[in-house]
Amino acid sequence: QVQLVESGGGLVQAGDSLTLSCAASGRGFSKYTIGWFRQSPEKEREVVAAISWSGTYYADSVKGRSTISRDNAKNTVHLQLNSLKPEDTAVYFCAARSGGIRIGVEYDYWGQGTQVTVSS
């Protein structure tokens, strides 16, 4: 069983940067793939980035302006978002799954989400 708690969301201006954090409790954190997803009223939940023990994935929408990293000693994954745009406005969720990276929602555990609002 893994519990996930997101933090770091807020209201920012276009062009700003933000770092989201996902803190996990439970055993075996280093073996889990952690994904960051976002959902807005206009769109279905979509993957933003993911990190496993062997690699990372970035959606085209954030590639080149985001960095996902993990600190297994602290059971934490961070997602840094740069050059934020109004279209990045969404609730951001982190999720965990045993196994490799998946870009769909096939994750076993989900956090409650943190709101990111980007004003123009």
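These legends describe close-up views of a predicted model.

**View 1. Four strands form one open sheet.** The strand order is β1-β3-β8-β7. Pairing in this sheet is antiparallel. β1 and β7 stand at the edges. Each has a single partner strand, so one side of each lacks a neighbour in the sheet. From one strand to the next, the twist averages 15°. Strands of a sheet pair through backbone hydrogen bonds, either parallel or antiparallel.

**View 2. Strand β1 pairs with strand β3.** β1 covers residues 3-7, and β3 covers residues 18-25. The two run in the antiparallel sense and share five bridges. Find Glu-6 and look across to β3: its bridge partner there is Cys-22.

**View 3. Side chains alternate along β1.** Which residues of β1 are buried? Leu-4 and Glu-6 are, and they point to one face. Gln-3, Val-5 and Ser-7 point to the other face and are not buried. In a regular strand, side chains alternate between the two faces of the sheet.

**View 4. Asn-75 has a positive phi.** This residue lies in the loop between β7 (66-71) and β8 (76-81). Its phi is near 50°. Asn-75 is a residue other than glycine.

**View 5. Ser-83 also sits in a loop.** The loop joins β8 to β9 (90-98). Phi of Ser-83 is near 45°, a positive value in a residue other than glycine. Is Ser-83 buried, exposed or partly exposed? Its relative accessible area is 42%. Buried means under 20% and exposed means over 50%, so Ser-83 counts as partly exposed.

How values were computed. Residues are numbered from 1 along each chain as its sequence is written. This is a predicted model: local features need pLDDT of at least 70, side-chain atom pairs count only at pLDDT 80 or more; totals for chains, interfaces and linings use all residues. Side-chain values use heavy atoms; hydrogens and water are left out. Buried means under 20% relative accessible area, exposed over 50%, partly exposed in between (1.4 Å probe, protein chains only). Two strands pair if DSSP finds at least two bridges between them. Axes are lines fitted to C-alpha atoms, for helices over the stretch in contact, and angles run from 0 to 180 degrees between N-to-C directions.
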